[in-house]
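Trainee: I am new to this structure and would like to know how its labels are justified. Please take me through them one at a time.

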Amino acid sequence: MTPVVAVILGLSAITLVLLLGAFFATTRQGRESREPEPPGESPLQPVDVEQPPQPSAGQVGIDYPDPRMIKVGDTIDCQGVRSRVLGAMYLSWQGNQWTEYLLDDGTRRYQWLSIEARPGLALGDLPHLEVLLWTSVPTQGMVPAKTTLSVEGVDFFPGDRGTAAFRAEGVTSMPERGLLDFADYRAADGRLLSFERLQGQRWSSSYAQPLPPGTIRIQEKKV
């Protein structure tokens with residue numbers, strides 16, 4: 001074998017070794033890229049961030065007093081405001097029952113507090129208390145139509161409407177018993193608008209925002 005041939009054969013062998021090495025390295029890299037990465041090591045995996053504990057809504061009658069136990073003459077704390085319960089109206093309509101309390105916070109600004117046990121939003125959900133604090137608002141002769149109402153730039157969509165039977169107790173400016181026409185509307189942000197009238201009289205209207213039941217606490221019971 002001549003020196004030239006020997007050199008050529010040596011270079012060919014070296015080239016073959018390099019090619020085989022590159023082939024196996026590529027094959028290994030491709031196989032490893034398809035293997036699942038350990039959890040938490042991939043940059044595409046979401047990182048679990050510890051969230052601060054959320055306050056519990058609590059249970060009525062256990063974590064806070066049941067606002068349905070309010071009676072005429074009691075003194076309550078409503079969102080940090082001390083108010084006396086002057087009167088109450090007990091209403092019923094199509095099997096639904098709720099109570100409205102007339103509150104006096106000492107500033108001659110009277111408000112109504114309504115409390116109603118509502119069914120769950122979905123099948124199997126437990127009933128929940130809907131607590132609403134109503135504030136009178138002028139509607140400039142507006143009547144409760146069966147269509148969407150726009151008040152102060154807010155659209156209110158029709159809800160329940162009908163005629164409820166009521167029984168009044170204490171100071172309410174209402175007869176002891178009677179019938180009350182009502183029409184409820186709700187905005188997209190949860191705000192409510194309601195029209196009410198004693199049959200044969202003019203409509204009055206009020207705004208309301210839902211309150212957590214735990215914000216209503218009985219401070220003093222009537223003896």
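Mentor: The model is predicted. Start with strand β7, residues 154-170, and strand β8, residues 177-187, which pair in the antiparallel sense over ten bridges.

Trainee: What makes β7 and β8 a pair?

Mentor: Pairing requires at least two bridges between two strands. β7 and β8 have ten bridges, so they count as paired. Within this pairing, Ala 165 stands opposite Leu 179 in β8.

Trainee: What links β7 and β8 in the hairpin?

Mentor: Six residues lie between them, and Ser 173 in the turn has a positive phi of about 65°.

Trainee: How do you know that β8 and β9 pair?

Mentor: By the bridge count again: β8 and β9, residues 192-198, share seven bridges in the antiparallel sense, and the requirement is at least two, so they pair. Phe 195 in β9 is the bridge partner of Ala 183. This hairpin has four residues between its strands, and Gly 190 in the turn has a positive phi of about 95°.

Trainee: Which residues have the most contacts inside the largest nonpolar core?

Mentor: That core has 15 residues, and Leu 113 and Ile 216 are among those with the most contacts inside it. β1, β2, β3, β4 and β5 each give two or more residues to this core, and β5 provides the largest share, three residues.

Trainee: Why is Leu 113 said to be in contact with Ile 216?

Mentor: Contact means heavy atoms within 4.5 Å, so the label says that this pair meets that cut-off. Leaving aside neighbours within four places in sequence, Leu 113 also contacts others, including Ile 70, Tyr 101 and Val 131. Apart from this core lies another, of eleven residues, among them Val 154, Ala 187 and Phe 195.

Terms used: Residues are numbered from 1 along each chain as its sequence is written. This is a predicted model: local features need pLDDT of at least 70, side-chain atom pairs count only at pLDDT 80 or more; totals for chains, interfaces and linings use all residues. Side-chain values use heavy atoms; hydrogens and water are left out. A nonpolar core is a set of buried Ala, Val, Leu, Ile, Met, Phe, Trp, Tyr and Cys residues joined through side-chain atoms within 4.5 Å. Buried means under 20% relative accessible area, exposed over 50%, partly exposed in between (1.4 Å probe, protein chains only).
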